[in-house]
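Here are a few notes to read alongside the coordinates. I hope they help you find your way around.

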Amino acid sequence: MLFLGCIKEVSDYELVISLPNGLLGFVPVTQICDAYSKMLSSQVAQGELLEDLNSLSDMYYPGTLVRCIVTSVEKSADGRRSIKLSIDPKKVNNGLNASALAAGMLLSGFVSSVEDHGYLIDIGVGGTHAFLPRQKAQNYIKAVKRGPDLKIGQNLNCVIVEVRNEGRVVHLSVDRSDVAASLATERQNWTLSNLLPGLVVKARVQKVAPLGIKLNFLSSFTGIVDFMHMDPEKSMNYAADQVMKACILSVHPTSKVVRLTLRQAFLHPGGSPNQLSNDRMGAVVEESTVKAFYKKFGAVFELDDGALAFARLKHLSKNRKSFKPGAFKTGCKHKSRIIDYSLMDEMCIVSLKYQVIEARFLQYQDIHTGDVVQGKVFALKSIGMQVKVTDGIKGLVPSMHLADVILKQPEKKYSIGDEVKCRVLECNPAGKKLILTLKRSLVQSKLPVLSSYEDAKPGVITHGFVVCAREFGCIVKFYNDVKGLVPKNELSSEPISCPDKVFHEGQVVKVMVLKCEPQQERLLLSFRLSSEPALEGRKECTPKKKQEVKYQIGEMVDVKVLKKKDNGLEVSILEGEGNVVASIPTMHLSDFITTCKLLWHCLQEGDVLPRVMCLSDKGERIILSRKSAVISAVQEEQVVRNFSEIQPGMLLTGYVRNVMPFGVFVEFPFGVTGLAPKMSMCDKFVTDTKDHFVVGQTVIAKVVSIDEEKQRVLLNLKVSECSSGDSAAESFALLNQYFKEMIEIRSLLRRRGEPSMAQGLYELVPGKELQLVVQDVKEDGSALFSGSCVTGLTVTATRYHLGDKNIVPGEKTKAMVLHVDALTSKVYVSLREQLLSLFLSSGSQRTPSTLPSCST
């Protein structure tokens, strides 16, 4: 089928064509003409750019009318039909032959060669050489202002000036005045087999009907003008036998149905239809007045500026069931939104659907880099996943961006039709290119979006993703293809010898901008978001006199608390008359982080702590530790004293020195430090390292590899990899140590004579039976309790731990202690019969002091 179309958009690989009745078609770059296709093939074969080969955007621009032919109608992945077109003259002018050519004919031609005296034009007629003299082209070249010469592959409206040798040679003109004045006549011998869209004819009205007009033209031809192509100013004044100009819009090859338009913009060949102002696209019109309703097609509206618009039937209501024809009588007003513009119909396309009117995005121009958008999965391909944001907006999630980690089988995680929340990495409205990410760390990030080098101010902290990790450092990418370098010395506060073993492609990282040169598009970054904090209160902890006594690492001493500080305890080593001052950081009071805080809270000046180990004797202050696991490792010689003793496969006890987004640094006694990368931190997937480890936490680490030259150690902290084999004994030993420390805390409070509430709090051990009174039952199903044994404390049970009991305020009940949070004075209990009978059936309860030791 032949159409007259209007170029709507131009990209590197295709032309988007507006067709009559709001349709769209696509012309691939290979469907221009033979000469252009040969140049494309030559460029591909040679692998280098050809000087004479111009891009489509150099030769074609929106608003240009072109003749085209439908080559296929394809069904896309989302079920919509895609019309493929060609403007190749051999296909468009297929019905013409040399003997049918006549002076005055208006044809489509394409420049195939540039000669000294003019241009060879391909008009698609076999055996005919068409020539355009240079003087006949000068006025056109000056008018279009697209260079000093016509370009190979350029489309032209050509009028035949002279026919020689029975059509084997024709001379052409592209002068705008000649083209605009051209008129198809009977003398040109047009037939239904070679009739072309774009021809302007004189026509006579044969019949006027509600949906259009029937015309006679070129003596024996009949055509139809539908309601969208009547002249709006004359639509009510057409009458039988009236003579007027019309332009052929389409010709169907089998049915021979010809459709025409009476709109003024098409009645002068070479012209352009009116276009919609950019600020009107997407506009919501509060009152659109119905001008006409066609029950099988849709409705024509008059907008607030007087322009006409058309709404297809499916856009008049949410669905067929909710559609009410009575609401579209002439004069009725409706709220609508402009969703498109048909160049060939010179009419806005509107929708009355609520979801369209309220839609956040309507076209690619509405989307900005960094926006979070909802979409539906509609295709999974090797390069990634295609997501439909709206009917007219589609984006690509590259394979790297399907998750925080690289997915080997994305089809197991995503299915067609799944709703997904994405973030826009890049949006190019001109090329209809939308790149998205599904990385949760980026989608949920609250940090600034870095979408241009101008945004990269020194000190800005933001999220990016690693695209390259090499010996020199890491390349990190952000939005709109902005990228920067994290040099090796800025990867961490600890030296990293092999960045490619710590960082991987696609890894989301938090970085700080150090320096940016927008003109050169150079960006310097750092993973060190702040300088490593020195030991708080270091100056205040300076000993009163120079310390002469030296202690060996691993040596056990007794100490007395001199002063409590925010970051730990200042103590005096009880040995002779030295009065040596040392420090116990809060995190080194225990292997258990919660117990560390409790001990710091309970200890007071003058308290004595026995058997504390010297951890470090460098610098101004001796550092001590009470971590039982670390002390045991040193005493049992399960440590390494220098790098040369480390061997892959060793299990070493240490403590977390630093938690970074990419991994955890672990320090061992005697100062050896290693790194556990993010992927080796936990048996579960790690999104945020801080959710799994805290500074000071005691850990058992397995040595994975060592770099002897740079003296670097890589570790594994996965529980499945770091067990010695008897996990039950290890667990009981840890539990036993925890309860021993809790008993120590209670002893401290008893000796101190703490207020009754505090003493009572520490007497409430897990497993103890309490007699309580229900105080309140909350909406979420949890309950609060009171009682003489818990005066001043908050006692609560979750909905689950109420079991099957329907309790009411004032009721007395038995409960068992599950957990005591001493720092917040909260006690968590259970009323479940299974637990009460299990622990209390013998009439006694097991307290921590009676738990079996690890030896049993």
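1. A good place to begin is a pair of strands. Please keep in mind that this is a predicted model. Strand 8, covering residues 129-133, pairs with strand 10, residues 169-173, in the parallel sense through three bridges. If you want a residue to click on, H129 has V169 as its bridge partner in strand 10.

2. Zooming out, these two strands belong to a closed five-stranded barrel with the order 6-7-8-10-9 and mixed pairing. On average, neighbouring strands of this sheet are turned by 50° against each other, direction ignored.

3. Next, have a look at helix 4, residues 134-144. This helix lies across strand 6 (106-114), strand 7 (118-122), strand 8, strand 9 (155-164) and strand 10. Relative to strand 8, helix 4 runs at about 65°.

4. On annotation: an unreviewed UniProt entry lists "domain: S1 motif" for several spans, among them 104-175 and 649-718. Residues 104-175 are 15% helix and 47% strand, with end C-alpha atoms 13 Å apart. For residues 649-718 the figures are 0% helix and 50% strand, and the end C-alpha atoms lie 13 Å apart.

5. Which residues have the most contacts inside the largest nonpolar core? They are I121, W190 and F217, in a core of 60 residues. Beyond its neighbours within four places in sequence, I121 is in contact with residues including F110, V111, A130, L132, L156, C158 and L172. There is also a second, separate core of 34 residues, which includes L450, V460, F662 and L714.

Technical notes
Residues numbered from 1 in each chain as written. Predicted model: local features only at pLDDT ≥ 70, side-chain atom pairs only at ≥ 80, totals over all residues. Heavy atoms only, no water. Pairing = 2+ DSSP bridges. Helix = DSSP H or I, 4+ residues; strand = E, 2+ residues; numbered from the N terminus. Axes fitted to C-alpha atoms, helices over the stretch in contact; angles between N-to-C directions. Contact = heavy atoms within 4.5 Å. UniProt positions renumbered as here; feature names shortened; annotations may be inferred. Core = buried A, V, L, I, M, F, W, Y, C linked by side-chain atoms within 4.5 Å. Buried < 20%, exposed > 50% of the residue type's maximum accessible area, 1.4 Å probe, protein only.
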